[in-house]
Every structure is written in C-alpha cells, then in structure tokens.
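Student: I would like to go through this structure term by term. Please set each value against its definition.

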Amino acid sequence: MAGRNLVGPEVDALDLGAVFRALADEHRRSVMRELAADRSDSERGYNSFNLPISKQTQTHHFRVLREAGLIDEIDYGNRKGIRLRRADIDKRFPGLLTLLGSESPGGTAPR
C-alpha cells in the first residue's frame, strides 16, 4: 500500500532555530539518536520507539520533527511511518547527526 508523504521544508529552507527547538525536547532527541544510529535509514513506525508517552503526544513530537525538517512522515491512513532525512541534514548541518549520536541517553555529550 503506497503512503502519502507528509513533506517538511526543502533542504535549503531548514532553519537552525527550528531544529534546535525540535531537539530541545528529550523525547524527540532520543528518537533522533535512534534514527542517527541506524545507518540503514529504513522506515520505522511510531510504535518502534520506546517512548513513555501517549500516542497523541507521540504524534505531536513526530510532527514537530517533520516540521523542523528532520524526518519525513509517510501516512498510510491507519498508521504512519517515519524516515530520517540524513542526506538533507548532513548537507545543511554537517556534523549534527554525529553530535546527536555521541550524546548519552541522559542528555549530555561525552567530554
């Protein structure tokens, strides 16, 4: 079943302030750490992340990540998939995903 791609901003329109606001939340940062660690960049479902929050709150967090341009969402009607926009992020903000990957789950980068 083909899904409808919910599109975020074009790569040249990615805004560092919007990205920082999206990454300010620990749940969204944990999603981004997981996605950055998975080099296959395969599509994942909302429920594949172990987030201790309601489904409605998850939907909000994934929308914020999409609107910041960090992920693509694919709407299948009864479920949504997400995919990291690795190439776009690396082009616009080189090193950001590496920095996220080096952050510990508690929220601090190693010294």
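The dialogue below takes up helix α1, the sheet and the salt bridges in turn.

Tutor: This is a predicted model, in which local features need pLDDT of at least 70 and side-chain atom pairs count only at pLDDT 80 or more, while totals for chains, interfaces and linings use all residues. Residues are numbered from 1 along each chain as its sequence is written, and side-chain values use heavy atoms, with hydrogens and water left out.

Student: Which residues of helix α1 are buried?

Tutor: In α1, residues 16-23, these are V19, A22 and L23. Buried means under 20% relative accessible area, exposed over 50%, and partly exposed in between, with a 1.4 Å probe and protein chains only. Helices are DSSP runs of H or I with at least four residues, strands are runs of E with at least two, and both are numbered from the N terminus.

Student: What puts V19, A22 and L23 on the same side of α1?

Tutor: They cover an arc of only 95° around the axis, so they lie on the same side of α1; the arc is that of the directions from the helix axis to the C-beta atoms. On the other side of α1, F20 and R21 are exposed.

Student: What do the buried residues of α1 pack against?

Tutor: They pack against α2 (26-37), α3 (55-67) and α5 (96-102), where contact means heavy atoms within 4.5 Å.

Student: What makes β1 and β2 edge strands?

Tutor: The open sheet has 4 strands in the order β1-β3-β4-β2, with antiparallel pairing. Its edge strands are β1 (4-6) and β2 (44-45), as each pairs on one side only.

Student: How do you know that β2 and β4 pair?

Tutor: Two strands pair if DSSP finds at least two bridges between them. β2 and β4 (residues 80-84) have 2 bridges, in the antiparallel sense, so they meet the definition. The bridge partner of R44 in β4 is I82.

Student: Which helices pack on the sheet?

Tutor: α2 does, touching β2, β3 (71-75) and β4, and its direction makes about 65° with that of β4. α3 also packs on the sheet, touching β1, β3 and β4, at about 125° to the direction of β3. Axes are lines fitted to C-alpha atoms, for helices over the stretch in contact, and angles run from 0 to 180 degrees between N-to-C directions.

Student: Why is the pair R44 and E34 called a salt bridge?

Tutor: A salt bridge is a side-chain nitrogen of Lys or Arg within 4 Å of a carboxyl oxygen of Asp or Glu. The R44 and E34 side chains meet at 2.9 Å, N to O, so the pair qualifies. R44 lies in strand β2 and E34 in helix α2, so the pair ties together parts that are 10 residues apart in sequence.

Student: Why is R44 called buried?

Tutor: Its relative accessibility is 16%, which is under 20%, so R44 counts as buried. E34, with a relative accessible area of 34%, is partly exposed.

Student: What makes E43 and R83 a salt bridge?

Tutor: Their closest N and O atoms are 3.4 Å apart, so the pair is within the cut-off. E43 lies in the loop between α2 and β2 and R83 in strand β4, so parts 40 residues apart in sequence are tied together. E43, at 27%, counts as partly exposed, and so does R83, at 33%.

Student: How many salt bridges are found in the whole structure?

Tutor: The search finds 10. Among them is D88 with R85, at 2.8 Å between the closest N and O atoms. R85 is buried at 8%, whereas D88 is partly exposed at 25%. Salt bridges that share partners also join R29, R33 and E103 into one network.
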